[in-house]
Amino acid sequence: MTGGSKKKTIVTLEKSFHGRTLATLTATGQDKFHPDSFAPYPEGFKTIKANDYEALKTAFDDTTCALIMECVQGEGGVILVESEWAKAAAEAARKAGAIVIADEVQTGMGRTGSLLASEQLQFNPEVVTLAKGIAGGVPMGACLFREKANGVFVAGDHQSTFGGNPLACAAARVVLKTLTSPDFLAKVTEKGEYMRGQIAKWNLSCVKEIRGLGLMTGVEIVPSMNPIQVEKECLEAGLLFSTAGEHTLRLVPPLNITRKEIDQGLSILHSILAK
């Protein structure tokens, strides 16, 4: 499966985020997550820019073992990866003998309006990583394998404190049942589109761009505004969200949020931004 010791390069995307272990920090395509205090970092990672077709011409060679992609670059600023580019990147990686991995820790489990965001992008990854939403807030992680990657792990190869204890698995079953109930994911899409539509109607000069998929929205504000200050003032007024990238407000509310709660939160955000 690995192609031997020659296959040792993992390609990730600029502005990506994959975790806080030494390896996943190195895989993360953002310099701010690579402080000298954590050095030295593992070798074997390279980054390319998402949605850049020119980069695909030289991204992969006979040393490439994997391509790791987020379907939406959440930590990078809620940057959408285009479906056609994702499929082209996956095809180029497979031609080089590499497997394709979708990091769906943020985008999976209904967040973007489908069970997995990679379903919408249609690049059919051999591996999908999941966590956070899979057990509705109870710590749990999962890794899905198929085709070329199937059967690589066997019992005893990997251990995890939060990988699948009885409580987490029971919670995950409830989450899956809820997500696959009729119309639930369609409502996630509907509520996300409503949220972005309402923000667009404000027509505020301080808002540069509104991006998102499902209930994962990024509101990019002008560089002259401090996103941390906006976050702080909104928190004091009763609205909790996080920032991402350089100037983006990241809104990722619970999937079962109501229209009334959306309106209440947007009212607070509008009042702060309009100042």
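## Exercises around H6, S9 and S10

Glu 220 sits in strand S10, which covers residues 217-221. Keep in mind that this is a predicted model.

**Exercise 1.** Find which side chain makes a polar contact with Glu 220, and list what Glu 220 touches.

*Solution.* Start with the side chain: Glu 220 and Arg 211 are joined by a polar contact of 2.7 Å. Next, skip residues up to four places away in sequence and list the rest: Glu 220 touches Cys 206, Val 207, Lys 208, Glu 209, Arg 211, His 247 and Thr 248.

**Exercise 2.** Work out whether Ile 210 is buried, partly exposed or exposed, then look up its contacts.

*Solution.* First, place the residue: Ile 210 belongs to strand S9, residues 207-212. Its relative accessible area is 27%. Buried would need under 20% and exposed over 50%, so Ile 210 counts as partly exposed. Now the contacts: leaving out residues up to four places away in sequence, Ile 210 touches Arg 196, Ile 199, Ala 200, Thr 217 and Gly 218.

**Exercise 3.** Check the length of helix H6 (residues 184-202) against its expected span, then say what covers its buried residues.

*Solution.* Take the 19 residues of H6 at 1.5 Å a residue: the helix should span 27 Å. The end C-alpha atoms of H6 are 28 Å apart, so the two values agree. Then pick out the buried residues of H6, among them Phe 184, Leu 185, Val 188, Ile 199 and Trp 202. Their cover includes helix H5 (166-179), S9, S10, strand S12 (248-251) and helix H8 (259-273). Finally, look just past H6: Asn 203 has a positive phi of about 55°.

Notes
Residues numbered from 1 in each chain as written. Predicted model: local features only at pLDDT ≥ 70, side-chain atom pairs only at ≥ 80, totals over all residues. Heavy atoms only, no water. Helix = DSSP H or I, 4+ residues; strand = E, 2+ residues; numbered from the N terminus. Polar contact = N/O pair within 3.5 Å; in protein donor to acceptor, adjacent residues only side chain to side chain. Contact = heavy atoms within 4.5 Å. Buried < 20%, exposed > 50% of the residue type's maximum accessible area, 1.4 Å probe, protein only. Expected span 1.5 Å × (residues − 1).
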